[in-house]
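Me: I'm new to this structure. Please pick the strand pairing as the part to look at closely, and tell me what goes on around it.

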Amino acid sequence: MDNDLTPQQVVQDWIHKVLNPKPIMDITGITEFINWLYNTKLNLSAPEILIFNSPIEVFYKATHLRKKKNPYIEVEFREIMRTENPNKLFLKHYHLRPIRAQINRFNFIVFQAIRKEVGNRSYYFEVGKKIYQRTLLGFLYNGSLPYSAPWVCSYDYFYITGQLKTELIERFRAFLHCNPYYVRLLKNQAIISKPPVEIHIGENNLLHNDHGPALKFPDGFSVYALHGVLMPPNIVMLPRNHIDPTLLFDDSLGVDVRREIVRKIGVERVYRMVDITVVDSWNGYELLDINITPINISGRFLKMKDKSTGVFYIEGVPPKILTCKKALEWRSYGSWNPTILT
């Protein structure tokens with residue numbers, strides 16, 4: 001038992017395991033756990049183990065094999081763990097959530113990329129006499145490493161320190177250490193994806209690569225990301241001088257993507273497209289007339305600073321407003337309180 005170990009250290013170990021995976025899998029260990037799970041927890045015969053090169057291949061193969069007599073198997077490992085450990089020791093560590101959020105952010109980006117590839121499909125499954133519907137994301141939950149790590153890390157701390165000993169946690173943590181990156185269980189098959197062969201992590205453990213895919217699987221399926229934002233591949237791959245700056249005004253790209261475009265091409269190029277006239281300034285605020293030449297749009301805006309983040313932003317105001325004070329009054333629906341807004 002390691003009495004000096006902290007929960008934060010255990011969580012950081014799991015973050016490292018997800019974001020810096022080994023390129024190989026322990027097929028023997030995976031097979032042992034799957035056979036034990038089917039025989040002991042599901043009362044089923046040992047399934048055929050199928051290994052594929054990406055979560056996309058797993059998804060399509062599972063969709064092809066799924067039939068009425070070969071349904072998806074829903075295993076809620078977390079619920080089983082809670083049932084077998086009613087003392088709920090893991091609930092003491094809510095302060096670990098900000099750390100676990102780093103893995104959840106990673107999972108969200110990968111899910112977005114998969115959804116773009118295969119669509120946002122859903123399927124139905126039956127438990128007892130009830131019929132449930134689950135979206136594409138559900139197929140990633142069945143024991144896969146990235147989607148299990150954010151919650152299993154709390155159990156792992158208590159396991160390592162000797163406060164929690166059950167056969168399920170012992171076998172499940174050993175299974176995850178075998179590197180099953182994505183998993184889809186059917187009655188007759190367990191379909192598992194190999195881990196990525198390439199992964200690039202930037203600041204704050206966010207997926208990031210300026211010059212290529214941030215995540216790449218053996219079959220070539222790739223996820224392109226800048227500072228933790230899923231990006232169109234062409235924006236990542238093109239040199240900054242070859243990116244069309246008018247993409248900044250394409251609402252279909254989303255705010256986060258357009259912010260990353262600004263970061264990549266540089267704010268100087270943005271300024272060259274925009275004519276700005278300062279109408280009024282007061283106490284750190286500026287009232288601006290902005291004309292966006294490429295798309296022939298103009299308007300009046302109040303520029304201000306977000307005190308919580310230190311980031312400047314602008315908000316549109318009616319063109320008849322001539323001063324910052326009037327703009328602030330308009331923002332507050334006529335009841336302007338200087339001590340609050342400044």
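**A close look at the strands**

Reply: Let's start with a single rung: Leu-288 has Phe-301, in β13, as its bridge partner. Before going further, this is a predicted model, so local features need pLDDT of at least 70 and side-chain atom pairs count only at pLDDT 80 or more, while totals for chains, interfaces and linings use all residues. Residues are numbered from 1 along each chain as its sequence is written, and side-chain values use heavy atoms, with hydrogens and water left out.

A quick word on names: strands (E, at least two residues) and helices (H or I, at least four) are DSSP runs numbered from the N terminus. Two strands pair if DSSP finds at least two bridges between them. On that basis, β12 and strand β13 (residues 297–305) pair antiparallel over seven bridges. On β12 (residues 285–292) there is also an antiparallel pairing with β11 (residues 274–282), this one over eight bridges. Asp-289 in β12 is the bridge partner of Thr-277 there. β11 and β12 make a hairpin with two residues between them, and Asn-283 in the turn has a positive phi of about 50 degrees.

Now for an open sheet of three strands, with mixed pairing and the order β1-β5-β4. Its edges are β1 (48–52) and β4 (182–185), each pairing on one side only. From one strand to the next, the twist averages 20 degrees; axes here are lines fitted to C-alpha atoms (for helices, over the stretch in contact), and angles run from 0 to 180 degrees between N-to-C directions. β4 and β5 (residues 189–193) pair antiparallel over four bridges, with Arg-184 opposite Ile-191 in β5. Packed on this sheet is helix α2 (residues 27–41), which touches β1, β4 and β5 and runs at about 145 degrees to the direction of β5. Contact means heavy atoms within 4.5 Å.

That helix brings us to the rings. Rings of Phe, Tyr and Trp (its six-membered ring) pair if their centres lie within 6.5 Å; planes under 30 degrees apart count as stacked, over 60 as edge-to-face and the rest as tilted. By this rule there are 14 aromatic pairs. One of them is Phe-33 with Phe-172, a tilted pair at 5.8 Å centre to centre and 40 degrees between planes. It joins distant parts of the chain: Phe-33 sits in α2 and Phe-172 in helix α7 (residues 167–176), 139 residues apart. Both Phe-33 and Phe-172 are buried, where buried means under 20% relative accessible area, exposed over 50% and partly exposed in between (1.4 Å probe, protein chains only). Back on the sheet, the rings of Tyr-182 and Phe-217 have centres 6.3 Å apart and planes at 50 degrees, so that pair is tilted too. Tyr-182 belongs to β4, while Phe-217 lies 35 residues away in the loop between β7 (215–216) and β8 (222–223). Tyr-182 and Phe-217 are both buried.

Phe-33 and Phe-172 also belong to an aromatic cluster with Trp-36, Trp-151, Tyr-155 and Phe-175. Trp-151 marks the centre of a kink of about 50 degrees in helix α6; the bend at a residue is the angle between axes fitted to the seven residues ending there and the seven starting there. In α6 (residues 145–160), 15 of the 16 residues are buried, so the helix is largely enclosed by the rest of the structure. Following α6 comes Gly-162, with a positive phi near 80 degrees.
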